[in-house]
Amino acid sequence: MPLTLDDVRELDRQDPLATFRNRFALPEGTIYLDGNSLGAQPRAAVAAVDGLMSQWRDSLIQGWNQGWFDAPERLGDRLAPLLGAEPGEVLVTDTITHNIFKLLGYITEGQKGTEGQKGTEGQGRGRPVILSEGGNFPTDGYIAQGFCRFGGFEHRVVPEGEALDAYLDERVAAVVLSHVHYRTGRLRDMAAITRQVHASGAEVVWDLAHSAGALLVDLAACDVRYAVGCTYKYLNGGPGAPAFLYVRRDCQAQAWQPLSGWLGHAAPFAFEADYAPAPGISRFRTGTHSPLAFAALEASLSLWQEVDLAQLRRKGQRLIELFRESLSGCLEEHGISDITPDEAQRGSQVGLVEREHGYAIVQALIERGVIGDYREPGLMRFGFAPLYLSHEDVWQAAQHLREVLSAGEYLAPCFQQRGAVT
């Protein structure tokens, strides 16, 4: 039997994470179900950025020695516990796109001189193939294609839904996989797949964009060596906040990374003519970062130090089930498919498919103050960020969706017009 409004308000009174909601600034009258694309603003971020602006004004270039320069490593250490990593294994830097390129170059450079070097394909490499997953977020595939095109590798794609083992052989150098699929929300078995890839002699680069800050991630326990992720989704670092890169400590001195910029040099202010990689995780730095962006992210990561990730995961799954239960019978009536995986195999989002009117339905919801997003073809995505979403928010969002569908509001011409960003 569906829960009533009184029922969900009681769930909110019992919620151990409820107090975090007040630490985010959300527009009045908005139910935000798009934290899987851009997280809400932590209230502390405003003061952090204002403080950085004042420091810039007063300290000028001296600010680089007052916390700006070491921010990639410092924030990486703050982020590490959320990923099951150790201090010195995570670097906050650049974008996911750049970081995948760095890791593909680093991995394949490190494989030179290992078994198979005498092969004649892929510039003499015995492992000339990079594998991507079909249906993955496009940038992961695009950058792998670019890396292969300019590096003399062969790019192959594992079709969506097919088993990885049929594509793993002695030619594969590295595989790029998403921990949580951006469209379906499907959660992969990181430990099992990592073992499988390593057993084949290849490496795997995990993309944590839709899992970091949404669920328990334990890179060490899963024997992961390489990973990337972003901080502007569930981690609430702000629009375009810097990404992160993880390299297990014992894998940090195997090669150069290909974007060998000056801040990844062992002695950047020696201004030497030739590159020498910095020790440890710092070799994965490239160019100058923005302290302004790092200030907003640091405010969010300070908040995250207080979060119990097990509680976060439980609440996220309960919110998903509440949303789906509150839509019982409605979706089928309107020809909408729910592609959300079962609890043990999903991240923190719901995916609903309506190929003809999906975009317009999302726009009609936004007009009502319920913000989700749309992805081609026909996918309506709703992300559940437990730190600032209440049970009542989710219950109300489902009621709005019912009303939008039953009244046919989405058929209005104004909801058919598409912006540049969907």
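This short talk covers a four-stranded sheet, the salt bridges, the largest pocket and a surface patch.

Some ground rules. This is a predicted model, where local features need pLDDT of at least 70, side-chain atom pairs count only at pLDDT 80 or more, and totals for chains, interfaces and linings use all residues. Residues are numbered from 1 along each chain as its sequence is written, and side-chain values use heavy atoms, with hydrogens and water left out.

Let's start with the sheet. Helices (H or I, at least four residues) and strands (E, at least two) are DSSP runs, numbered from the N terminus. Two strands count as paired if DSSP finds at least two bridges between them. In general, strands of a sheet pair through backbone hydrogen bonds, either parallel or antiparallel.

Our sheet is open and has 4 strands. The order is 11-12-15-14, and the pairing is antiparallel. Which strands stand at the edges? Strand 11, residues 337-338, and strand 14, residues 373-375. Each has a single partner strand, so one side of each is left without a neighbour in the sheet.

Walk across with me. Strand 11 joins strand 12 through 2 bridges, running antiparallel. There, Ser-337 stands opposite Val-353. Next, strand 12 pairs with strand 15 over 5 bridges, again in the antiparallel sense. Look for Gly-351 opposite Arg-381, and Val-350 opposite Phe-382. Last, strand 14 and strand 15 pair over 3 bridges, also antiparallel. Tyr-374 faces Met-380 here, and Asp-373 has Arg-381 as its bridge partner. Strands 14 and 15 form a hairpin with 3 residues between them. In that turn, Gly-378 has a positive phi of about 75°.

Now, are strands 12 and 15 buried or exposed? Buried means under 20% relative accessible area, exposed over 50%, and partly exposed in between, with a 1.4 Å probe and protein chains only. Strand 12, residues 349-353, has 5 of its 5 residues buried, so it is largely enclosed by the rest of the structure. Gln-349, Gly-351 and Val-353 point one way, Val-350 and Leu-352 the other way, and all are buried. Strand 15, residues 379-383, is mostly covered too, with 5 of its 5 residues buried. Its one side carries Leu-379, Arg-381 and Gly-383, its other side Met-380 and Phe-382.

On to charges. Side chains of opposite charge can pair when their charged atoms come close. The rule here for a salt bridge is a side-chain nitrogen of Lys or Arg within 4 Å of a carboxyl oxygen of Asp or Glu. By that rule, the count is 27 salt bridges.

Take Lys-315 with Asp-15, where the closest N and O atoms are 2.5 Å apart. Lys-315 sits in helix 8, residues 309-326, and Asp-15 in the loop between helix 1 (5-13) and strand 1 (24-25), so the pair ties together parts that are 300 residues apart in sequence. Both Lys-315 and Asp-15 are buried.

Second pair: Arg-346 and Glu-321, closest N and O atoms 2.7 Å apart. Arg-346 is in the loop between strand 11 and strand 12, Glu-321 is in helix 8, and the two are 25 residues apart. Arg-346 counts as buried because its relative accessibility is 1%. Glu-321, at 24%, counts as partly exposed.

Third pair: Arg-57 and Asp-58, closest N and O atoms 2.7 Å apart. Both of these are exposed. There is also a network of salt bridges linking Glu-154, Arg-156, Asp-169 and Arg-171.

Next, the largest pocket. A pocket is found on a 1 Å grid over the protein atoms alone: an open set of points where a 1.4 Å probe fits, with protein on both sides within 12 Å along at least five of seven lines. Lining residues have an atom within 4 Å of a point. The volume is the space filled by probe spheres set on the points, which are joined across faces, edges and corners. Here that space is about 420 Å³. Of 23 lining residues, the closest to the centre are Glu-133, Gly-161, Glu-162, Arg-186 and Arg-188. Strand 7 (172-178) and helix 6 (190-199) are the elements giving two or more residues to the lining.

Finally, the surface. Patches are made of residues with over 30% relative accessible area and no salt bridge; like charges are joined within 9 Å, nonpolar side chains (Val, Leu, Ile, Met, Phe, Trp, Tyr) within 5 Å. Accessible areas come from the Shrake-Rupley method with a 1.4 Å probe, and for residues only the protein chains shown count as cover. Met-53, Trp-56, Leu-60, Ile-61 and Leu-292 make a nonpolar patch of about 520 Å². Trp-56 lies in helix 2, residues 43-59. At 47% relative accessibility, Trp-56 counts as partly exposed.
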